[in-house]
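Hello,

Here is the structure I said I would pass on. My notes on it follow below.

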Amino acid sequence: MSRAYRFIVGPAEGGERLDRYLVKRLPSVLSRAMIQRNMAAGHILVDGREAKPHQKIRGGAVVTAQLDTLPARPTSRPPQAQNLPVDVVYEDGDVLVVNKPAGLVTHPAPGHWDGTLV
């Protein structure tokens, strides 16, 4: 289900980076990186034009976002062990050293609630 958002930038908010502005206004399950990906996909507009994450917004600008899906909210339960291929370099009673492959998410976060190193 698609969700549409519309914001009018207040005068005191002018000069702020757009991605940081949206982190404060969109649902908290959306990280700044996820917002930036939505901008790159053309889902976020400023005054009808495609937005760039680093762009500064001006007071009175109209920001619209059309988001197709939102990530699931985290659960309150602790992470569960999963059988993932992890290269253990060293292990003793106090220290664990792993060779984490590129692309393996380190800890649960919006969009990556399982399949992480944690």
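The accessible surface of the chain is about 7900 Å², and carbon and sulfur atoms account for 53% of that area. Please keep in mind that this is a predicted model. The chain has 118 residues, of which 24% are buried. Taking contacts between residues at least 6 apart in sequence, 52% join residues at least 24 apart.

The secondary structure consists of two helices and six strands. Along the sequence they follow the pattern β-α-α-β-β-β-β-β.

The sheet

Four of the strands make an open sheet, in the order S1-S4-S2-S3, with antiparallel pairing. Strand S1 (3–8) and strand S3 (49–50) are at the edges; each has a single partner strand, so one side of each has no neighbour in the sheet. S3 is paired with strand S2 (residues 44–46) through two bridges, in the antiparallel sense. Leucine 45 has glutamate 50 in S3 as its bridge partner.

Helix H1 (residues 18–25) packs on this sheet, where it touches S1, S2 and strand S4 (62–67). The direction of H1 makes about 115° with that of S1.

The helix pair

Two packed helices are described by the angle between their axes and the distance between the axes. For H1 and helix H2 (residues 32–40), the angle is about 115° and the axes are 9 Å apart. Their crossing is right-handed.

Which residues meet where H1 packs against H2? From H1 they are Leu18, Asp19, Arg20, Leu22 and Val23, and from H2 they are Arg32, Ile35, Gln36 and Met39. Sorted by class, this contact has five nonpolar residues, three charged residues and one polar residue. The polar residue is Gln36, because Gln is not on the nonpolar or the charged list. The charged ones are Asp19, Arg20 and Arg32, since Asp and Arg count as charged.

The hairpin

Further along the chain, strand S5 (residues 87–91) and strand S6 (residues 96–99) run antiparallel and are joined by four bridges. Valine 88 is opposite valine 98 in S6. The link from S5 to S6 is a hairpin through four residues.

To go through it on screen, you could begin with the sheet order S1-S4-S2-S3, then turn to H1, which packs on that sheet, and then to the right-handed crossing of H1 and H2. The hairpin of S5 and S6 can be taken after that.

Regards

Definitions and conventions: Residues are numbered from 1 along each chain as its sequence is written. This is a predicted model: local features need pLDDT of at least 70, side-chain atom pairs count only at pLDDT 80 or more; totals for chains, interfaces and linings use all residues. Side-chain values use heavy atoms; hydrogens and water are left out. Two strands pair if DSSP finds at least two bridges between them. Contact means heavy atoms within 4.5 Å. Axes are lines fitted to C-alpha atoms, for helices over the stretch in contact, and angles run from 0 to 180 degrees between N-to-C directions. A crossing is left-handed if the near helix is turned anticlockwise from the far one by less than a right angle, and right-handed if clockwise. Buried means under 20% relative accessible area, exposed over 50%, partly exposed in between (1.4 Å probe, protein chains only). Accessible areas come from the Shrake-Rupley method with a 1.4 Å probe; for residues, only the protein chains shown count as cover.
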